[in-house]
Amino acid sequence: MKVRLVDIAHARSGDKGDTANVGVIALRPEWYPVLERYLTRDRVAEHFCGVITGDVERYELPNLKALNFLLHGALGGGGTLSLKTDAQGKVYSTALLRLVLDVPDAEAASLHLPGASATPAFQRSLRE
Amino acid sequence: MSQTSKQPDGRVVRVASGQGFWGDWLEAPRRQVEGGDVDYLMLDYLAEVTMSILQKQKERDPKMGYARDFVGAIESVLPAIAKRGVRVVANAGGVNPPACAVAIRDVARKHGVSDAVRIGVVTGDDLLPRLDELIASGHELANMETGEPLSTVCDRVLSANAYLGSVPIVEALAKGANVVITGRSTDTALTMAPLRHEFAWAADDWDRLAAGIIAGHIIECGAQCSGGNCLYDWLNIPDLANVGYPIVEGCADGTFVISKHADTGGRISVQSVTEQLVYEMGDPRSYITPDVIADFTSIHLEQVGEDRVRVFGIKGRPATDKLKVSIAYRAGFKAVGTLVYSWPNALDKAQLADRVLRERLKNLGLKLDHMLTEFVGASATHGPLAGDPGDPPEVQLRIGVRGNDKASIERFTREIAPLILNGPPSVTGFAGGRPKVEEIVAYWPALIDKTVVQPRVEVLT
């Protein structure tokens, strides 16, 4: 089943030089293993292919039900050198939440994961 | 309060965050001391680039070079300092803590409370006068990101400051200071030092020191842990207009609760605190500070009441023998110009304008090292991930250039406005006038041996 990251996680991002970090946090504790299993370093690197110039690193924080990604070469030089609107990587968080995961149907059903056809949680609260 | 060793273990020390960066809400410090009981007010003014801005100000006027907002902040909390015993710890000193101290002394005099304000000044972080000597004696100060030695930009360095830890702040508090002003201290030390002072944590009590650091990390960005910039359930976070800034309620054992004053807006939840914990994080097992290495994978959070999150279980490891150094250097010039194009086909019009402008800049033979075009409303922040924007009501064309040749950057700023009359149609949004040329002061992070840096503490009497 296709599962949008925005429906199962929230996130915050920041900068350190030319590297952006994105912390991704499961919306429910029982959904953390889904992040750990399917939101791999390679999957995120593929997502940001052509957007960042460097490598991707992943760290796990099971205690916080969170993953931390470092996106190198993400900020056009970083800090004051950058010409980007998002020079400090503040909204790389939501860029990552655009990612769609493939989760086996049985696993998605047992965890009650929202399917990609549903209106995203953050939009739902606004539109209704 | 300073007789910590005689205090019972059950005591709670409240450290309130009143400023998350220079430019944060001016109301916050006063609201934090008037909204309820607090023991310490922690004010963080220094971001990576702030030191260089302050250094430029000091070059123009030797009495400047500190965060001037701090003077107003102190003025707004003077009654709490003088009458209720609230103590303030701030890195407002920037590149000139002594001048900042004089400004605070003058404010205290003006309000007739000189006797009640004892200013502690922490210096020793400024390495600029010693830079040549340090490089000559083998300290490369290589860029932590690129590995380049500092000698490549040496002639362009504006400021160089070591990040100091909690030790000199604790010393100032122990000497009786109730307003402690530092230069480049770590943001987290401003919170950890009062807890360490009050509970007399030993220099090798790694777990508690790490807990104090993590308490500092949670509240160092002000309301960013209490509902501000919080994505989780953002639409239902109550009363952001009246947002409550966070307070650490610290215990001797290193556990603490993040809370905020009653009758304030915002929200403190496991989710809001977690978002702040992962902010600007690197390797979570090794959050390196001058005092201790904190392990973020040991943190446990528990909602223990409305707007109350308990933090416990934190582990730390011995600190390294290095200090981080924040160096700022001149790195050329930049300018950013914008124009807004409207429906129909706003994005096509903006793209055509970009092509026209680039051709003109090329024909002028300008020396530009880097040029970036963004289409705000279509792809500026998420790039190709944003997908097809359709036919939006408007798109802002945003073009930035960077280079060492100031004249070329100047010339670029004069090429934007002509597009209004001689470029694609349906263009507006140029009321701001010609773009400004800005000198770039870039950040150079490096490491230096701890033994080279000697913090100094002075309490003014």
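The following exercises, each with a worked solution, concern a predicted model of a complex that contains chain A and chain B.

**Exercise 1. Confidence in the model**

Task: State what confidence the predictor assigns to the complex and to chain B, and identify which stretch of chain B has a pLDDT below 50.

Solution.
Step 1. Begin with the complex: the predictor gives an ipTM of 0.95 and a pTM of 0.95.
Step 2. Turn to chain B, where the average pLDDT is 96 and 98% of the residues score at least 70.
Step 3. Locate the stretch in question: in residues 1–6 of chain B the pLDDT is below 50. Beyond near neighbours in sequence, residues 1–6 have 7 contacts in the model.

**Exercise 2. The fold of chain A**

Task: Describe the secondary structure of chain A, and explain why its radius of gyration agrees with that of a compact globule.

Solution.
Step 1. Count the elements: chain A holds 6 helices and 6 strands.
Step 2. Place them in order along the sequence, which gives the pattern β-α-β-β-α-α-β-β-α-β-α-α.
Step 3. Consider the extent of the chain: the C-alpha trace spans about 45 × 35 × 25 Å along its principal axes.
Step 4. Compare with the expected value. A compact globule of 128 residues would have a radius of gyration near 14 Å, and the 15 Å of chain A therefore agrees.
Step 5. Examine the interior: 49% of the 128 residues in chain A are buried. Among contacts in chain A with a separation of 6 or more, 62% join residues 24 or more positions apart.

**Exercise 3. The side of chain A that touches chain B**

Task: Determine how many residues each chain contributes to the contact, and which element supplies the largest share on the side of chain A.

Solution.
Step 1. Read the totals: 34 residues come from chain A and 43 residues from chain B.
Step 2. Assign the side of chain A to its elements. At least two residues each are supplied by β2 (9–16), β3 (19–26), β4 (56–61), β5 (66–71), α4 (92–97) and α6 (121–127) of chain A.
Step 3. Select the largest share, which is the 6 residues from β2(A).
Step 4. Sort this side by class: it has 13 nonpolar, 14 polar and 7 charged residues.

**Exercise 4. Nonpolar cores**

Task: Identify which residues have the most contacts inside the largest nonpolar core, and trace the surroundings of A:Val24 and A:Leu67.

Solution.
Step 1. The largest nonpolar core has 153 residues, and A:Val24 and B:Ile181 have the most contacts inside it.
Step 2. Chain B is divided into domain 1 (4–125 + 163–320) and domain 2 (327–442), and each of these domains gives the core at least three residues. The centres of the two domains, taken over C-alpha atoms, are separated by 39 Å.
Step 3. Not counting residues up to four places away in sequence, A:Val24 touches residues including A:Ala9, A:Leu35, A:Leu39, A:Leu67 and A:Leu96.
Step 4. Follow one of these partners: A:Leu67 belongs to strand β5 of chain A. A:Leu67 is buried because 27 C-beta neighbours lie inside 10 Å, and 20 or more are required.
Step 5. Beyond four places in sequence, the contacts of A:Leu67 include A:Val24, A:Arg58 and A:Glu60. A:Leu67 and A:Ala26 are 41 residues apart along the chain, yet their C-alpha atoms are separated by 8.8 Å.

**Exercise 5. Three loop residues of chain B**

Task: Decide whether B:Ala200, B:Asp263 and B:Ala92 are buried, partly exposed or exposed.

Solution.
Step 1. B:Ala200 is in the loop between α7 (189–199) and α8 (206–219) of chain B, and has a positive phi of about 50° although it is not a glycine. It has 16 other C-beta atoms within 10 Å and is therefore partly exposed.
Step 2. B:Asp263, in the loop between β8 (256–259) and α9 (270–277) of chain B, has a positive phi of about 60°. With 10 other C-beta atoms within 10 Å, B:Asp263 is exposed.
Step 3. B:Ala92 lies in the loop between β3 (87–90) and α4 (97–110) of chain B. B:Ala92 has 31 C-beta neighbours inside 10 Å, so B:Ala92 counts as buried. Beyond four places in sequence, its contacts include B:Tyr45, B:Phe70 and B:Ile181.

Terms used: Residues numbered from 1 in each chain as written. Chains lettered and ligands numbered in written order. Predicted model: local features only at pLDDT ≥ 70, side-chain atom pairs only at ≥ 80, totals over all residues. Contact = placed C-beta atoms within 7 Å. Helix = DSSP H or I, 4+ residues; strand = E, 2+ residues; numbered from the N terminus. Nonpolar A, V, L, I, M, F, W, Y, C, P; charged D, E, K, R; others polar. Domains from an automatic or database assignment. Rg over C-alpha atoms; globule rule 2.2 N^0.38 Å. Buried ≥ 20, exposed ≤ 12 C-beta atoms within 10 Å, placed from the backbone. Core = buried A, V, L, I, M, F, W, Y, C linked by C-beta atoms within 7 Å. pLDDT = per-residue confidence, 0-100.
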